[in-house]
Amino acid sequence: MGLLIRGGTLVLKDIVTVGDVLVDEGRVVRVGKSIESGFTKVINASGKLVIPGAVDPHVHGREPGLLHKDNFANTTKAAALGGVTTVLEMPNTLPPVDSLERLVEKREMLSSRSFVDFGLYAVLYDYADDVERRVREIVEAGAVGFKAFMAQTTGNLPTPSFKSLYLALKLSGELGFPVVFHAEDRGCVEYFTELVRGRGLEGLAAYSEARPPLCEELSIEYVASVARAAGGTAYIAHLSTATALTIVERYRRASTRIYVETTPTYLFFDYEGHSHLGALLKVNPPIRSSSNRRELWAALRSGLIDVIGSDHAPHSPYEKRGDIWEASAGVPGVQHLLSLMVHAALEGFIDLGRIVELCSEKPAKIFGLYPRKGSLLPGADADIVVVDPSGEYVVREDDLAYTHKLAPVLGMKLRGRVEKVLLRGELIVDDGELVVDRPLGTFLTRGGGGRL
Ligand SMILES: [Zn+2]
C-alpha cells in the first residue's frame with residue numbers, strides 16, 4: 001500500500017508550498033494538502049524540502065574499459081546519495097558507443113550495476129555513407145541522444161565530418177533527439193595551447209588562456225549555424241564562457257532549437273579564487289575568471305541557461321597529478337550537483353523553483369523523459385528527494401562514494417543536507433546513507449517518458 005510524504009515544503013517549478021505527496025506502486029498518485037487516505041506508511045517531511053529527483057544529463061561513468069578511473073556502481077551510488085535519480089551516461093568509454101551493438105552491450109552491462117535509472121548516449125563522429133542508418137537504428141534502440149566532440153578530450157574521439165554532423169542534425173529534427181556538443185574549436189585550441197605552453201606558463205589561468213573563450217564561441221557559432229540549416233536540435237554541453245550566450249540568443253531569435261548546459265564547476269570555481277587547486281580543477285573547457293562566473297549566475301537566473309549537468313568525469317590520482325598540461329581534464333561531480341544548487345538557493349543566489357527546472361524538469365524534457373522523470377505530477381515515477389534545509393556540513397573524503405576521493409567540493413561547507421531519496425517509490429537513501437545493497441536502476445529510453 002501507499003506511502004505518504006507528509007507536510008513537506010514541495011519545491012515545484014512554479015510554486016513552493018507546504019503539502020503532501022502520496023506514492024503507490026512506484027508512482028506519484030496525488031499531490032495536495034492534508035491527504036488522509038491511501039497509505040500505510042508515512043514519512044514526516046515537516047520542515048524539509050521535497051524535490052523531484054535530479055536528472056543529470058552529463059555523466060561519464062567510465063565503464064566499460066576505464067575502471068581505473070571509477071566504476072558505474074560507485075558513480076551511481078554517488079548519484080543516489082546526492083539526490084540524482086537519473087543519469088545520462090556519455091559514450092566515450094572503451095570501446096566507445098558508436099554502433100547499435102555497442103549500445104546494447106553497454107545497456108546490458110550497466111543494467112545490473114546501476115543504483116539509479118540511466119539512459120545512454122551514442123557518439124557521433126565520421127560515419128561516412130553510413131551515418132543515416134547508424135543514427136536511426138541507435139535512436140530507435142532508445143539512446144537519449146548523440147554526443148559530438150568538437151575538440152580533443154578524454155578518449156580522443158574524432159570530430160564528426162561536416163556531412164555526419166549535418167545529416168545527424170537533420171535526423172535530430174525528424175526524430176526529435178538532441179545532438180550534444182562539446183563545443184570547442186579544435187584548431188583554436190591547438191593554436192593557443194601551443195602558444196601559451198611555449199611561454200612556459202603554468203596553472204589554471206594559463207590553461208584558460210590556452211583554450212580561450214574564442215574557441216567556445218567559434219564552435220558554438222558553427223554548431224548553431226549547422227543546426228539552423230539542418231532543422232535539428234543542438235545542446236551545448238558544459239558552457240563555460242558567458243559571452244558565448246549572446247551567440248546562442250541570436251540563433252534562438254532565429255528559431256533555432258539550441259539548449260545550453262553549464263556545470264557547478266564553472267559556477268562555484270574560478271582561476272582567481274581557486275588557483276591553489278591547480279590540475280585538480282582542470283576541465284575542458286577551462287574554468288574562467290570570477291567576473292565570468294558572476295555572468296553565468298546572472299544567465300542562470302534570467303533563463304538563458306537551460307540545464308545544470310555535472311560533467312562528472314573522474315580520474316585516478318595518478319592521472320590528476322603533475323602540471324596543468326599533462327594532467328587529465330575532468331572532475332567528479334554527480335554526487336554534489338543538486339546539493340550545490342540547493343546550497344546556492346538557500347544562500348539566496350537563485351530561486352528554489354528555478355533549481356527544479358534546471359536540475360530536473362528541463363533535462364527530462366529535452367531528453368524525452370518528461371513527465372515520467374523530472375516532475376512530481378500524478379503518474380510520474382516517485383523519484384523524490386527530501387532535503388533538510390537547516391542541515392549544514394563540510395564535504396569530507398568519507399562522504400564521497402567515488403573510487404577516488406578527489407572532488408573539488410572537498411572541504412566546502414554546504415547548507416541543505418540530502419536526507420532521503422526515493423527511486424520509483426523505493427527508499428534508497430535514508431538519513432544520508434545508502435540503504436539498498438543491490439542496484440535498482442533501470443534503463444530509460446528516449447521517448448519513454450510520455451506515458452502519463
Ligand atoms: Zn563531458
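How many disulfides does the structure hold? It holds 1. Keep in mind on this tour that the model is predicted.

**Stop 1: the disulfide**

Select Cys188 and Cys215 and show their side chains. These two cysteines form the disulfide, with sulfur atoms 2.2 Å apart. Look along the S-S bond. The angle about it is -80°, and the link of Cys188 and Cys215 is left-handed. Now colour the helices. Cys188 sits in helix α5 (residues 186-198) and Cys215 in helix α7, so the bond ties together parts 27 residues apart in sequence.

**Stop 2: helix α7 and its partner**

Stay with α7. Select residues 213-230 for α7 and residues 162-175 for helix α4. The two helices pack with their axes 8 Å apart, at an angle of about 50°. Angles under 35 degrees would count as roughly parallel, and 65 to 115 as roughly perpendicular. α4 and α7 are therefore oblique to each other. The crossing of α4 past α7 is right-handed.

Next, show the side chains where they touch. On the α4 side, pick Phe162, Leu165, Tyr166, Leu169 and Lys170. On the α7 side, pick Tyr222, Val223, Val226, Ala227, Ala229 and Ala230. Which classes of residue make up this contact of α4 with α7? There are 10 nonpolar residues, 1 charged residue and no polar ones.

**Stop 3: the parallel sheet**

Switch to a cartoon view and find the open sheet of 8 strands. Read across it in this order: β6-β7-β8-β9-β10-β11-β12-β13. The pairing is parallel. Which strands lie at the edges? Select 54-59 for β6 and 307-308 for β13; each of these edge strands pairs on one side only.

Move in from β6 to look at one pair. Select residues 84-89 for strand β7 and residues 117-123 for strand β8. They pair in the parallel sense over 4 bridges. For a landmark, label Leu88, which stands opposite Gly119 in β8. While the side chains are on, one rule helps with reading strands. In a regular strand, side chains alternate between the two faces of the sheet.

**Stop 4: the antiparallel strands**

Select residues 384-394, strand β14. Then add residues 49-52, strand β5. β5 and β14 run antiparallel and are joined by 4 bridges. Label Ile51 and find Val385 of β14 opposite.

Now add residues 413-423, strand β15. How many bridges join β14 to β15? There are 8, and these strands also run antiparallel. Finish on Val394, whose bridge partner in β15 is Lys413.

Definitions and conventions: Residues numbered from 1 in each chain as written. Predicted model: local features only at pLDDT ≥ 70, side-chain atom pairs only at ≥ 80, totals over all residues. Heavy atoms only, no water. Axes fitted to C-alpha atoms, helices over the stretch in contact; angles between N-to-C directions. Parallel < 35°, antiparallel > 145°, perpendicular 65-115°, else oblique. Left-handed = near helix turned anticlockwise from the far one by under 90°. Contact = heavy atoms within 4.5 Å. Nonpolar A, V, L, I, M, F, W, Y, C, P; charged D, E, K, R; others polar. Pairing = 2+ DSSP bridges. Disulfide = S-S within 2.5 Å.
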